[in-house]
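Open your viewer, get the selection tool ready, and follow along one stop at a time. At each stop you will hear what to select and what is there.

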Amino acid sequence: MTKALIRPAWTPATIALMVIGFMVFWPLGLAMLAYIIWGDRLDAFKGDVNRATDGFFSSCRKASYRAGAPRTGNVAFDEWRTKELDRLNEERRKLDEARDDFEEYARELRRAKDQEEFDRFMANRSRNTPQKPQDGEIFNPA
């Protein structure tokens, strides 16, 4: 369970920051309200943005390296270096895929845990609420 003081939930600290934000400058309060409501989705968004920028800059790095890589004059070494860089890029791709798979697995675990907690709540709620009589029945709690 998350114990951070400022997290995307309706905690006293986030409510106070939202109210203060509205009093100081209304867009700050609005931003805090958006964080409270949609902040739990920021991790996935941040991961997607990070992967996209990593991919963009790595492709730029590869293109600039291959286009402007200084040749040593030794063809065998240059070919070996190119093969090693390709191999490392393939390993990085595999690691990125493994990370994505793990993140999906962790999201599914969180979803399953949330579902389990919700089911437990509903079961407790149904046990603790008195049953309403059906139309035409007289309620006898016995």
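**Stop 1: A pair on one helix**

Start by selecting E84, which is partly exposed, with a relative accessibility of 24%. Keep in mind as you look around that this is a predicted model.

Now add R87 to your selection. R87 is partly exposed too, at 42% relative accessibility. Show both side chains: R87 and E84 meet in a salt bridge, with 2.8 Å from N to O. How many residues apart are R87 and E84 in helix α4? They are 3 residues apart, so about one helical turn separates them. As a general point, side chains of opposite charge can pair when their charged atoms come close.

**Stop 2: A small network**

Next, select D78, which also has its place in helix α4. Is D78 buried or exposed? With a relative accessibility of 6%, D78 is buried, because buried means under 20%.

Add R81 to the view. The side chains of D78 and R81 form a salt bridge, at 3.3 Å from N to O. Both residues belong to helix α4, which covers residues 75–128, and they sit 3 residues apart, about one turn of the helix. R81 is buried as well, with a relative accessible area of 15%.

Then select R71. Its salt bridge partner is D78, and the closest N and O atoms are 3.8 Å apart. Where D78 is buried, R71 is exposed, with a relative accessible area of 60%. Keep R71, D78 and R81 on screen together: salt bridges link them in a network.

What else does D78 touch? Setting aside neighbours within four places in sequence, D78 is in contact with R71, T72 and G73. Before you leave this stop, here is the count of salt bridges in the model: 11.

**Stop 3: Farther along helix α4**

Stay on helix α4 and select D96, which is found there. D96 is partly exposed, with a relative accessible area of 27%. Now draw a line from the C-alpha atom of D96 to that of R51. These two residues are 45 apart in sequence, and their C-alpha atoms are 8.7 Å apart in space.

**Stop 4: Two helices side by side**

Move to helix α1 (residues 12–24) and show it together with α2. Their axes come within 5 Å and cross at roughly 155°. That crossing makes α1 roughly antiparallel to α2, because angles over 145 degrees count that way.

Which residues meet here? From α1, select T14, I15, L17, M18, G21, F22 and V24; they meet W26, L28, G29, L30, M32, L33 and I36 of α2. Try colouring this contact by class: it has 11 nonpolar, 3 polar and no charged residues.

**Stop 5: One residue from each side**

Zoom in on I15, which lies in helix α1. I15 is partly exposed, with a relative accessible area of 33%. Which residues does I15 contact, once neighbours within four places in sequence are left aside? They are W10 and I36. You can also pick the C-alpha atoms of I15 and L33: they are separated by 8.3 Å, and the two residues are 18 apart along the chain.

Cross over to L30, whose place is in helix α2, residues 26–38. L30 is partly exposed, with a relative accessible area of 43%. Pick its C-alpha atom and that of M18: these residues are 12 apart along the chain, and the two atoms are separated by 7.3 Å.

**Stop 6: The whole chain**

Finally, clear your selection and zoom out to see the chain as a whole. How many helices and strands does the chain have? There are 4 helices and 0 strands, and the elements run α-α-α-α from the N terminus on.

Colour the chain by burial, and recall D78, one of the buried residues. Of the 142 residues in the chain, buried ones make up 10%. Switch on the surface next. The accessible surface comes to about 12100 Å², and 61% of that belongs to carbon and sulfur atoms.

One last view is the contact map. Among contacts in the chain with a separation of 6 or more, 31% are between residues 24 or more positions apart.

Notes. Residues are numbered from 1 along each chain as its sequence is written. This is a predicted model: local features need pLDDT of at least 70, side-chain atom pairs count only at pLDDT 80 or more; totals for chains, interfaces and linings use all residues. Side-chain values use heavy atoms; hydrogens and water are left out. A salt bridge is a side-chain nitrogen of Lys or Arg within 4 Å of a carboxyl oxygen of Asp or Glu. Buried means under 20% relative accessible area, exposed over 50%, partly exposed in between (1.4 Å probe, protein chains only). Contact means heavy atoms within 4.5 Å. Accessible areas come from the Shrake-Rupley method with a 1.4 Å probe; for residues, only the protein chains shown count as cover. Axes are lines fitted to C-alpha atoms, for helices over the stretch in contact, and angles run from 0 to 180 degrees between N-to-C directions. Angles under 35 degrees count as roughly parallel, over 145 as roughly antiparallel, 65 to 115 as roughly perpendicular and the rest as oblique. Ala, Val, Leu, Ile, Met, Phe, Trp, Tyr, Cys and Pro count as nonpolar, Asp, Glu, Lys and Arg as charged, and the others, Gly among them, as polar.
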